[in-house]
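Student: Could we go through this structure together, one piece at a time? I would like to start with a small detail and work outwards.

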Amino acid sequence: MAILIPFALLILPAIFGLLPPHATADHVLYTGEVLMAGQNLTNGQYRLAMQSNCDLVLYEGETPTWTASTAGKGNDCYLGLKHNGELVVRRNVHYTLWSSSNKSKKGKYALVLDGHGKLGIYGQRRWASSNQKETGVLDRSVVSTEYVLYSGERLAPPKKLKYKHYELGFKKCNLVISDSRTGKVLWQTSTEANSCYAQLEADGELTVKHRNNRLWSSNKKSENGPYVAVLRFDGRLNVYGPLIWSLDRKDDSLFPDASSSSFPRTGDFMAPNE
Ligand SMILES: *[C@@H]1O[C@H](CO)[C@@H](O)[C@H](O)[C@H]1NC(C)=O
Ligand SMILES: *[C@@H]1O[C@H](CO)[C@@H](O)[C@H](O)[C@H]1NC(C)=O
């Protein structure tokens, strides 16, 4: 096992190095994407900022509520989400200054800043809608619409998930992904009944129901835990989970001191007012 860790550290910088430096994410960052200095994930009054002073800071309004304590530790620092689900602050392409430490299987993950200011890494990806990926012009404008469905939540009409011109919602009982510019249906469940809702179950299965009857299911489930269904920038709906790491500003147990971390080069965790 000891050999695997250095190997992973050697090859993963190469993966980041080849990627264009962008984050399509507005409050979601996907595997392989990076948040460059000056960029943010924003959800309502909450903001995760990769600052030009190299620090990664979570804000509630103007108030910092958490920091990775990497200020001044390098130039051209960035935040990346690795293919093992680990979130890292790096400088000089590969040198890791801070890590979320919790690693998992190789796969596709999503970092989500939710509407309560909680940061979570979900994955790996369990399911994706079968439509083709749409390609669009990258634009980093802040998106204020909701495009994430959390497990335990229902999506019932007239509620929709919206990401830019992509929409997920019901046409009668049919759950549809459409392009609002053209009205084109990209994907649908073709379900029929009077009144329906979609639900993301605790085991990651996405269902369409009429009352308690299942009319459609993604047929992909895994261990119980928090999951998310995300309407992505490519027009597809993806389910990620369960949660492998989280940071909740209200929970002090999530600020362990650096000495208890298994990761050798982790920066200090510190609440800003300590
Ligand atoms: C990140 O947020 C800060 C503070 O609101 C803002 O000044 C900055 O322009 C944002 N960065 C981008 C790339 O939008
Ligand atoms: C890391 O994973 C362990 C095991 O699943 C979990 O108990 C712990 O809460 C996770 N750490 C964080 C900070 O989420």
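Tutor: Let us begin with Arg-211, which is found in the loop between β20 (206–210) and β21 (213–217). Please keep in mind that this is a predicted model.

Student: Okay, and is Arg-211 buried or exposed there?

Tutor: Arg-211 counts as exposed, because it has 9 C-beta neighbours inside 10 Å, and the cut-off for being exposed is 12 or fewer. Its backbone also deserves a look, since Arg-211 has a positive phi of about 50° although it is not a glycine.

Student: Which other residue that is not a glycine has a positive phi?

Tutor: Asn-219 has one, with a phi of about 60°, and its place is in the loop between β21 and β22. Asn-219 is exposed because it has 9 other C-beta atoms within 10 Å.

Student: What about cis peptide bonds, where do I find one?

Tutor: Pro-157 and Pro-158 are joined by a cis peptide bond with omega at about 10°, and Pro-158 sits in the loop between β14 (154–155) and β15. The peptide bond from Gly-241 to Pro-242 is also cis, with omega near -5°, and that proline belongs to the loop between β23 and β24 (243–247).

Student: You keep naming strands. How many helices and strands are there in the protein?

Tutor: The protein has one helix and 24 strands. Of its 274 residues, 41% count as buried.

Student: Let's look at β23 then. Which residues lie on its two sides?

Tutor: In strand β23 (residues 237–240), Leu-237 and Val-239 are on one side, Asn-238 and Tyr-240 are on the other, and all of these are buried, so that both faces of the strand are covered. As a general background, side chains in a regular strand alternate between the two faces of the sheet.

Student: And which strands does β23 pair with?

Tutor: Strand β12 (residues 125–128) is joined to β23 by three bridges and runs antiparallel to it, while strand β22 (residues 228–231) pairs with β23 in the antiparallel sense over four bridges. You can follow both pairings at Val-239, which has Trp-127 opposite it and also Ala-229 opposite it.

Student: How are β22 and β23 connected?

Tutor: They form a hairpin with five residues between them, and Gly-235 in the turn has a positive phi of about 80°.

Student: Changing topic: what is in the largest nonpolar core?

Tutor: It contains 65 residues, and the members that touch the most others are Ala-110, Leu-111, Val-228 and Val-230. The largest share of this core, five residues, comes from strand β10 (residues 109–113). In general, nonpolar side chains in soluble globular proteins tend to be buried together.

Student: What does Val-228 touch, apart from its neighbours in sequence?

Tutor: Leaving aside neighbours within four places in sequence, Val-228 is in contact with several residues, including Ala-110, Val-112, Tyr-122, Val-148 and Tyr-240.

Student: Can you also walk me through a sheet, strand by strand?

Tutor: One open sheet of four strands has the order β2-β7-β8-β9, with antiparallel pairing. Strands β2 (34–36) and β9 (95–99) stand at the edges, and each has a single partner strand, so one side of each is left without a neighbour in the sheet. Neighbouring strands of this sheet are turned by 25° against each other on average, direction ignored. Within the sheet, four bridges join strand β7 (residues 78–81) to strand β8 (residues 87–91), and Gly-80 stands opposite Val-88 in β8.

Student: Which strands make up the other open sheet you have in mind?

Tutor: That sheet has four strands in the order β15-β16-β17-β18, again with antiparallel pairing. The average turn between its neighbouring strands is 30°, direction ignored. Three bridges join β15 to strand β16 (residues 166–171), where Lys-162 stands opposite Glu-167 in β16.

Student: Last one: what is around ligand 1?

Tutor: The residues around ligand 1 are Gly-38, Gln-39, Asn-40 and Ala-49, and this shell divides into one nonpolar, three polar and no charged.

Key. Residues are numbered from 1 along each chain as its sequence is written. Chains are lettered from A and ligands numbered from 1 in the order in which they are written. This is a predicted model: local features need pLDDT of at least 70, side-chain atom pairs count only at pLDDT 80 or more; totals for chains, interfaces and linings use all residues. A residue is near a molecule or strand if its C-beta atom, placed from the backbone, lies within 6 Å of it. Ala, Val, Leu, Ile, Met, Phe, Trp, Tyr, Cys and Pro count as nonpolar, Asp, Glu, Lys and Arg as charged, and the others, Gly among them, as polar. A nonpolar core is a set of buried Ala, Val, Leu, Ile, Met, Phe, Trp, Tyr and Cys residues joined through C-beta atoms within 7 Å. A residue is buried if 20 or more other C-beta atoms lie within 10 Å of its own, exposed if 12 or fewer, and partly exposed in between; C-beta atoms are placed from the backbone. Two residues are in contact if their C-beta atoms, placed from the backbone, lie within 7 Å. Two strands pair if DSSP finds at least two bridges between them. Axes are lines fitted to C-alpha atoms, for helices over the stretch in contact, and angles run from 0 to 180 degrees between N-to-C directions.
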